Amino acid sequence: MSENPTSDALPEYAERVLDVAELIPPGRVMTYGDIAEWLGDGGPRQVGRAMALYGSAVPWWRVVRSDGTLLPGHELRALNHYRAENTPLREAPASADGHVPRLDMRRARWDGVPGAAADAGSDGVTGGPGADGGGAHT
């Protein structure tokens with residue numbers, strides 16, 4: 001059955017979000033808010049909705065919450081990707097619920113600059129979108 005281009009077409013905003021998600025290098029992440037800022041349109045919730053509805057065909061695990069917690073319900077799948085890509089993680093303390101690690105956002109965050117992927121873990125990632133540390137990004 002063919003897709004109906006008027007009702008099933010990928011919304012333009014979602015397409016732009018997915019395009020950015022595909023640019024994020026292995027081992028790096030961007031927050032929902034980072035992507036909205038990079039696009040100059042929408043906000044973290046709009047990016048999150050686009051990823052939830054359409055993101056399964058892109059490296060969805062590279063689009064994350066700003067606090068570094070793994071996506072609820074997808075922690076183990078995401079963790080497998082992070083470990084395979086050597087994404088910087090912070091191990092959870094023994095007292096943490098489920099002992100699931102978090103992303104090390106200071107080291108894993110990508111600023112959207114091509115070529116910055118080789119610098120995973122450098123302090124240069126803190127100068128990109130969302131670098132204000134405002135915490136509004138989800």
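**Notes on the predicted model**

1. Let's start with Glu-85. Its side chain makes a polar contact with the side chain of Arg-62, at 2.6 Å. This is a predicted model, so read that distance, like the others here, as a value computed from predicted coordinates. Glu-85 sits in the loop between helix H4 (75-84) and strand E3 (89-90). Despite being in a loop, Glu-85 counts as buried because its relative accessibility is 18%, and the cut-off for buried is under 20%. Leaving out residues up to four places away in sequence, Glu-85 touches Pro-26, Gly-27, Trp-61 and Arg-62. Arg-62 therefore turns up both as a touching residue and as the polar partner.

2. Next along the chain is Asn-86, in that loop between H4 and E3. Here the label flips: Asn-86 is exposed, at 65% relative accessibility, whereas Glu-85 is buried. The backbone of Asn-86 is worth a look too. Its phi is near 60°, a positive value in a residue that isn't glycine. For context, most residues other than glycine have a negative phi.

3. Now the tryptophans. How many aromatic pairs does the structure hold? There is one. Trp-60 and Trp-61 form it, in an edge-to-face arrangement with 5.6 Å centre to centre and 85° between the planes. Both partners are buried: Trp-60 has a relative accessible area of 14%, and Trp-61 comes in at 11%. Trp-61 also links back to point 1, as one of the residues that Glu-85 touches.

4. Trp-38 is another story. It lies in helix H2 (residues 32-39) and is partly exposed, with a relative accessible area of 39%. Trp-38 and Asp-111 are 73 residues apart in sequence, yet their C-alpha atoms are 9.0 Å apart in space.

5. Salt bridges: a search of the whole structure finds six. Take Asp-34 and Arg-109, whose side chains meet at 2.8 Å, N to O. Asp-34 lies in helix H2 and Arg-109 in the segment after helix H5 (105-108), so this pair ties together parts that are 75 residues apart in sequence. Is the pair buried or exposed? Asp-34 is buried, and so is Arg-109.

6. Another of the salt bridges pairs Glu-12 with Arg-16, where the closest N and O atoms are 3.6 Å apart. Why is the spacing in sequence of interest here? The two are four residues apart in helix H1 (residues 12-23), so about one helical turn separates them. Glu-12 is exposed, with a relative accessible area of 52%, while Arg-16 counts as partly exposed at 23%.

7. Arg-107 and Asp-104 also form a salt bridge, with 3.2 Å between the closest N and O atoms. Arg-107 is partly exposed, with a relative accessible area of 32%, whereas Asp-104 counts as buried at 12%. As for networks, salt bridges that share partners join Glu-12, Arg-16 and Asp-41 into one. That brings the helix H1 pair from point 6 together with Asp-41.

8. On the surface, Leu-10, Leu-53 and Tyr-54 make a nonpolar patch of about 240 Å². Tyr-54 is found in helix H3 (residues 44-54). Its relative accessibility is 31%, so Tyr-54 counts as partly exposed. If you check the patch against the cut-offs, note that patch residues need over 30% relative accessible area, and Tyr-54 has 31%.

9. Finally, the chain as a whole. It has five helices and four strands, and read along the sequence they follow the pattern α-β-α-α-β-α-β-β-α. Of the 138 residues, 42% are buried. The chain exposes about 7,800 Å², with carbon and sulfur atoms supplying 50% of that. Among contacts with a separation of 6 or more, 57% are between residues 24 or more positions apart. The salt bridge between Asp-34 and Arg-109 joins parts separated by 75 residues in sequence.

Technical notes:
Residues are numbered from 1 along each chain as its sequence is written. This is a predicted model: local features need pLDDT of at least 70, side-chain atom pairs count only at pLDDT 80 or more; totals for chains, interfaces and linings use all residues. Side-chain values use heavy atoms; hydrogens and water are left out. Patches are made of residues with over 30% relative accessible area and no salt bridge: like charges are joined within 9 Å, nonpolar side chains (Val, Leu, Ile, Met, Phe, Trp, Tyr) within 5 Å. Accessible areas come from the Shrake-Rupley method with a 1.4 Å probe; for residues, only the protein chains shown count as cover. A salt bridge is a side-chain nitrogen of Lys or Arg within 4 Å of a carboxyl oxygen of Asp or Glu. Buried means under 20% relative accessible area, exposed over 50%, partly exposed in between (1.4 Å probe, protein chains only). Rings of Phe, Tyr and Trp (its six-membered ring) pair if their centres lie within 6.5 Å; planes under 30 degrees apart count as stacked, over 60 as edge-to-face and the rest as tilted. A polar contact is a pair of N or O atoms within 3.5 Å; within protein, one must be able to donate a hydrogen and the other to accept it, and residues adjacent in sequence count only if both atoms are side-chain atoms. Contact means heavy atoms within 4.5 Å.
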